[in-house]
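Trainee: I've got a model open and some labels I'd like to understand. Could you walk me through how they're justified?

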Amino acid sequence: MLILAAEGRLPKLDFAVFADTGWEPRAVYEHLDRIEREIARPAGIPILRVSSGNIRNDALDPNHRFASMPLHILNPDGGAGMSRRQCTGEYKVKPIKKQIRALLGYPYPKRIPKGVFVEQWIGISVDEFHRAKDADVAYMRNVFPLLDLGLTRADCMRLLRARGFGSTPKSSCLGCPYHGNAQWRALRDGSPEEWRDVVEFDAAIRAGNARANADGKRLLGQAFLHRSRMPLNEAPIDHVTAREWAERQADLDEATTDVAFALEQGSPEGCSPWSCRSGAPVADDFDVAA
């Protein structure tokens, strides 16, 4: 959407907002710097970076209230489950709403007058049209330019490649429990330093503050980043799941899709303020276009 706005194919944006969890892959920060330098700044579109803190540090700090991640839990009786996903609301939605209020001139707890609102562009493609929903507050009005243009995810990938951004990385926390095996493999094989970081975090959460939810209740079982509920450095990440095979086949069937690019993306599971493909949707997922 930012590229299309910069090229004049969509109206010019007033702002773009990036909600930083503090634990994004290095490639995401490098991509953000590049797209700001090469696309946004020349077009006169400011990119605002907002944050509620560092999710990794907060998860391991026993003195910090932690908005729980959707960790894979193994209970003492052998039962399994997942902890509640509260991190999107805390580290994405909350700082974005705070920034939007500031842009409108009504920071919390000021009441925003009727008729004062921001138009939000949300990047949902036609593949996920069912995720297009109205905002839950009057000062935000959601617009879906990709739906209006009839663009699919594959269309967006082709456009990025055509503009020299074919290596655009997926934005999600380094240690997101929604990662598929392909994403874990890419991290292990392509970024050893970041792999060590997530392996250390995975080991730490089995005794750390990440085991408590925002209500202060302790989990009875052990928490893991990998769906196998095994330590990450022992988990079967070299196994290609049926879902990943299906995605690969779909990409092969797309004549103009670069398979290498698709494989780099790994599983479509991941988290963003609106189009998280995994877990229950967050009720108040909103943002300004980015």
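Mentor: Sure, and keep in mind that this is a predicted model. Start where H4 is followed by Gly-105, whose phi is positive, near 90 degrees.

Trainee: What makes Arg-229 worth flagging for its phi?

Mentor: Arg-229 has a positive phi, near 60 degrees, and the residue is not a glycine. You'll find Arg-229 in the loop between strand E7 (222-224) and helix H9 (242-253).

Trainee: Why is Arg-229 called buried?

Mentor: Buried means under 20% relative accessible area. Arg-229 comes in at 19%, so Arg-229 counts as buried.

Trainee: How do you know that the span of H4 agrees with what its 18 residues should give?

Mentor: Use 1.5 Å times one less than the number of residues. For the 18 residues of H4 that gives 26 Å, and the end C-alpha atoms are 25 Å apart, so the two agree.

Trainee: Where does H4 bend, and by how much?

Mentor: At Val-93, by about 35 degrees. A proline, Pro-95, follows within four residues. Both Val-93 and Pro-95 are among the buried residues of H4, which also include Tyr-91, Ile-96 and Ile-100.

Trainee: What covers those buried residues of H4?

Mentor: The cover includes strands E1 (16-19), E2 (47-50), E5 and E6 (140-143), along with helix H3 (55-60).

Trainee: And what makes the peptide bond between Tyr-108 and Pro-109 stand out?

Mentor: That bond is cis, with omega about 15 degrees. Pro-109 sits in the loop between helix H4 (87-104) and strand E5 (118-121).

Technical notes
Residues are numbered from 1 along each chain as its sequence is written. This is a predicted model: local features need pLDDT of at least 70, side-chain atom pairs count only at pLDDT 80 or more; totals for chains, interfaces and linings use all residues. Side-chain values use heavy atoms; hydrogens and water are left out. Helices (H or I, at least four residues) and strands (E, at least two) are DSSP runs, numbered from the N terminus. Buried means under 20% relative accessible area, exposed over 50%, partly exposed in between (1.4 Å probe, protein chains only). The bend at a residue is the angle between axes fitted to the seven residues ending there and the seven starting there. Contact means heavy atoms within 4.5 Å.
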